[in-house]
Amino acid sequence: HAQIDPATVVEIGEALYEAVKDNQPVINTAVDWAGAVPKGVTDWTKLENWKGPAQSDSYYVEFKNGLGKKLTKFAWQFVWKYGGDMNGVGKYVTQAGIDIDTSYAYLSEHLDVEVKSLKPVNYGTSAAPVGGVDIQVSVSSHGLFEKTTKVCTMTVKGDGTSELGTCE
């Protein structure tokens, strides 16, 4: 039986998945999510007192051509469940990912969206751990020639808070 260490936060779930593939939403929320849980825990349902899902503001990435015509647009929210504890200790994260609002591509364009989770971190103390994980959304648009990618990162935490990182 693996030793469980509440102070060490590890990642569970899918580290990388596609949300939109060539203009079609392909996200499967049953498996396309990440969590930040105590080391030694592989099944988040073993933790108790989950709350949420919490939801961020809506974010969007839009690509236009030189004439100002909208080519592609992708809008989403970050979502996650939080507050799960291990025998009363800690606040952890599960089912962190995105909810798609809008996915639009003009006829000549191709929209691809990839979601990556990284950096599971204990944002609390060893006595009162707060798990967190970064959810990174990469939105790519390409027409006949160039491909452009924009990336947004949100840190979601076990206390229900979130922090927007780089979004360019």
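What follows is a conversation between a trainee and a mentor about a predicted model.

Trainee: Let's start with charges. What makes Glu18 and Lys21 a salt bridge?

Mentor: Their closest N and O atoms are 3.7 Å apart. The cut-off is 4 Å between a side-chain nitrogen of Lys or Arg and a carboxyl oxygen of Asp or Glu, so the name applies. The structure holds five salt bridges, and this is one of them.

Trainee: Which other pairs can I look at?

Mentor: Lys46 pairs with Asp43, with the closest N and O atoms 3.5 Å apart. Glu163 pairs with Lys157, and there the distance is 3.3 Å. Both values lie within 4 Å, so both pairs count as salt bridges.

Trainee: Why is Lys46 called exposed?

Mentor: Lys46 has a relative accessibility of 58%, and exposed means over 50%, so the label follows. Its partner Asp43, at 28%, is partly exposed, because that class runs between 20% and 50%. Glu18 at 39% and Lys21 at 43% are also partly exposed.

Trainee: And is Lys157 buried or exposed?

Mentor: Buried: Lys157 has a relative accessibility of 13%, and buried means under 20%, so a charged residue can carry that label too. Glu163, across the salt bridge, is partly exposed at 47%. Glu163 belongs to strand S11, and its C-alpha atom is separated by 21 Å from that of Ala19, a residue 144 positions away along the chain.

Trainee: Strand S11 also holds a cysteine. How do you know that Cys152 and Cys167 form a disulfide?

Mentor: The S to S distance is 1.6 Å, and the cut-off is 2.5 Å, so the pair qualifies. The count comes to one disulfide. Cys152 sits in strand S10 (residues 147-157) and Cys167 in strand S11 (residues 162-167), so the pair ties together parts that are 15 residues apart in sequence.

Trainee: Why is this disulfide called right-handed?

Mentor: The torsion about the S-S bond is about 55 degrees, so the disulfide is right-handed. Its two ends fall into separate burial classes: Cys152, at 3%, is buried, whereas Cys167, at 40%, is partly exposed.

Trainee: On to the rings. What makes Trp44 and Trp50 edge-to-face?

Mentor: The angle between the planes is 80 degrees, and the centres are 5.7 Å apart. Rings pair when their centres lie within 6.5 Å, and planes over 60 degrees apart count as edge-to-face, so both conditions are met. Trp44 is buried, with a relative accessibility of 17%.

Trainee: Then why is the pair of Phe74 and Trp76 called stacked?

Mentor: Here the planes are 20 degrees apart and the centres 5.5 Å apart. An angle under 30 degrees counts as stacked, so that is the class. Phe74 and Trp76 are both buried. The count comes to six aromatic pairs, and ring pairs link Tyr59, Phe74, Trp76 and Phe78 into a cluster.

Trainee: What surrounds the largest pocket?

Mentor: It is lined by 13 residues, with Leu71, Glu109, His142, Gly143 and Glu146 nearest its centre. Strand S5 (51-64) and strand S9 (131-142) are the elements that give two or more residues to the lining. The volume is about 220 Å³, and the lining has four nonpolar, six polar and three charged residues.

Trainee: Finally, the backbone. What makes the peptide bond from Gly52 to Pro53 worth pointing out?

Mentor: Most peptide bonds are trans. The one from Gly52 to Pro53 is cis, with omega near 15 degrees, and Pro53 lies in strand S5.

Trainee: Which residues have a positive phi although they are not glycine?

Mentor: Two to look at are Asn23, with a phi of about 80 degrees, and Gln95, with about 50 degrees. Most residues other than glycine have a negative phi. Asn23 lies in the loop between strand S2 (16-21) and strand S3 (24-25), while Gln95 is found in strand S7 (residues 89-105).

Trainee: How do you know that Asn23 and Gln95 are partly exposed?

Mentor: Asn23 has a relative accessibility of 23% and Gln95 has 27%. Each value falls between 20% and 50%, so partly exposed is the right label for both.

How values were computed
Residues are numbered from 1 along each chain as its sequence is written. This is a predicted model: local features need pLDDT of at least 70, side-chain atom pairs count only at pLDDT 80 or more; totals for chains, interfaces and linings use all residues. Side-chain values use heavy atoms; hydrogens and water are left out. Buried means under 20% relative accessible area, exposed over 50%, partly exposed in between (1.4 Å probe, protein chains only). Helices (H or I, at least four residues) and strands (E, at least two) are DSSP runs, numbered from the N terminus. On a 1 Å grid over the protein atoms alone, a cavity is a set of points where a 1.4 Å probe fits but cannot get out, and a pocket is an open set with protein on both sides within 12 Å along at least five of seven lines; lining residues have an atom within 4 Å of a point. Grid points are joined across faces, edges and corners, and a volume is the space filled by probe spheres set on the points. Ala, Val, Leu, Ile, Met, Phe, Trp, Tyr, Cys and Pro count as nonpolar, Asp, Glu, Lys and Arg as charged, and the others, Gly among them, as polar.
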